[in-house]
Amino acid sequence: MNTQVTSTVPDCDDVVVQTLPLFEMMRMRAATTARRHPALGFAAPNPDATVRWVNQFTHTYRRLGPDDREVVSPNNDTVYSNAWLDLSDGPVVIETPEMGDRYWTLGLLDAWTNPFAYVGRRTTGNRPQRTLVHGPAWHGAVPPDITLTIAAPGDDVWLIGRHLVEDDGDDAARGRETQSAMRLVRLDGSDAAMRVDTWVDGRDAGTPAPDLYLSIVGAALARNPPHPGERLAWPPAAGDLAMSLPAVYERLRTANQPHDLGGGWAIPVMVRTHWGDDYATRARIARNFIGALGVEEAMYPTAEVDAHGAPLDGSLRYELRFAPGQGLKVGAFWSLTMYRRSDCLFVANPIHRYSIGDRTSGLHHDADGSLAIRLQADDPGPGVNWLPAPTDELFYVVLRLYQPHADHLELRFDYPPIQPI
């Protein structure tokens, strides 16, 4: 495919930055789609084949813990539902059951990583729903029982679902029932599952070879054209790619987080529904935080340093204190999660607590209404809100704000610094 819409030859690094989200999304499609359908069997008999099932949900039914190493900086609040939609053969209907009062969301990302639509508690409620998702070529009639119609900008869509669970027992079992009732069907009610060749080994997260990059991005472009306002020159020369790909991937890995919030806090993702022309941030997020939803659904302020700018160190003790009347403002819930810097994973500890938040049993507020959380490796004793840190290792923490209020969305909230004690 030749999508030449510029009049001058662009810098190859710029072309890589602009198209990298397409490649990384296709890599994630290969990594997160199922080889086996519960009724139709394996997508291909050869276990090394890149053929997978799409238009099919896969679910996790328990919260992740320190033994789970597949995902970096995971959350400890929700279980996940995952699906990739292929809309090239027509619309797909997302059927979701009654969700009660549970927080849940299905975020829809296009192939350029734009979180362009949502189904869930914040946007469509918790009633039973039938959501029709169609690609740009479909212009058919919408059945009367469809509760919402979503027009996708391309043929490939990533569905990322999160379901709040209060425990790993009874509530997780109830959540499993509603997850299992979610279906992807055609307009006639038949199973929408189909086989596709994902083109790439999703297990390889390294810098791609130039020929592979050209092949994958070219194929993805044919199905997912740039936004009408986006200027793109494609393809670049393979020789130029051989130099640009390693340089761009390394630069994105080491880039600083934007959106400094003060007090040692920063927020890596500040997108609502579309990245616009901020191609550099779009590429950095695609490489380092792919699958991030828009800030109206969730925000993730992150701290790697204390009030004095020193790295957070498990050999020391810290306190994070929210003053009276200065608590976090959310429409759903919030949590604070602890991670080791060395591998970006949970910290194993004797009380099996990997996050703390407004739903934590026994959360203690001081007499004046303030909330203090201790971050340290050793047990601070009874009556203290303790989030265990690793012993003698650097760590970082992430605040997760689900359905954040305007003070957070407009970056007006004063996040307290983490104080060494």
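These entries record what I looked up about aromatic rings in this structure, which is a predicted model.

**Entry 1: ring pairs.** I began with the total and found 13 aromatic pairs in the structure. I then took up the pair of Tyr-213 and Trp-234. The ring centres lie 6.3 Å apart and the planes meet at 50°, so I entered this pair as tilted. I looked up where the two residues lie: Tyr-213 belongs to helix α3 (residues 210-223), while Trp-234 is in the loop between α3 and α4 (238-254). The pair therefore ties together parts that are 21 residues apart in sequence. For burial, I noted a relative accessible area of 0% for Tyr-213, which is buried. Trp-234 has a relative accessibility of 2% and counts as buried because the cut-off is under 20%.

**Entry 2: a stacked pair.** I turned next to Phe-333 and Tyr-402, which form a stacked aromatic pair. I noted 4.1 Å from centre to centre and 20° between the planes. Phe-333 lies in strand β19 (residues 330-340) and Tyr-402 in strand β23 (residues 395-404), so this pair ties together parts that are 69 residues apart in sequence. I recorded both Phe-333 and Tyr-402 as buried.

**Entry 3: a cluster.** I also found a cluster in which ring pairs link Tyr-339, Phe-346, Tyr-354 and Tyr-396.

**Entry 4: charges over rings.** Which rings have an arginine over them? I noted Arg-29 over the face of Trp-199, at 4.8 Å from the ring centre. I also noted Tyr-61, whose ring has the charged end of Arg-176 over it, 4.0 Å from the centre.

Terms used
Residues are numbered from 1 along each chain as its sequence is written. This is a predicted model: local features need pLDDT of at least 70, side-chain atom pairs count only at pLDDT 80 or more; totals for chains, interfaces and linings use all residues. Side-chain values use heavy atoms; hydrogens and water are left out. Rings of Phe, Tyr and Trp (its six-membered ring) pair if their centres lie within 6.5 Å; planes under 30 degrees apart count as stacked, over 60 as edge-to-face and the rest as tilted. Helices (H or I, at least four residues) and strands (E, at least two) are DSSP runs, numbered from the N terminus. Buried means under 20% relative accessible area, exposed over 50%, partly exposed in between (1.4 Å probe, protein chains only). A charge sits over a ring if NZ of Lys or CZ of Arg is within 6 Å of the ring centre and within 35 degrees of the ring normal.
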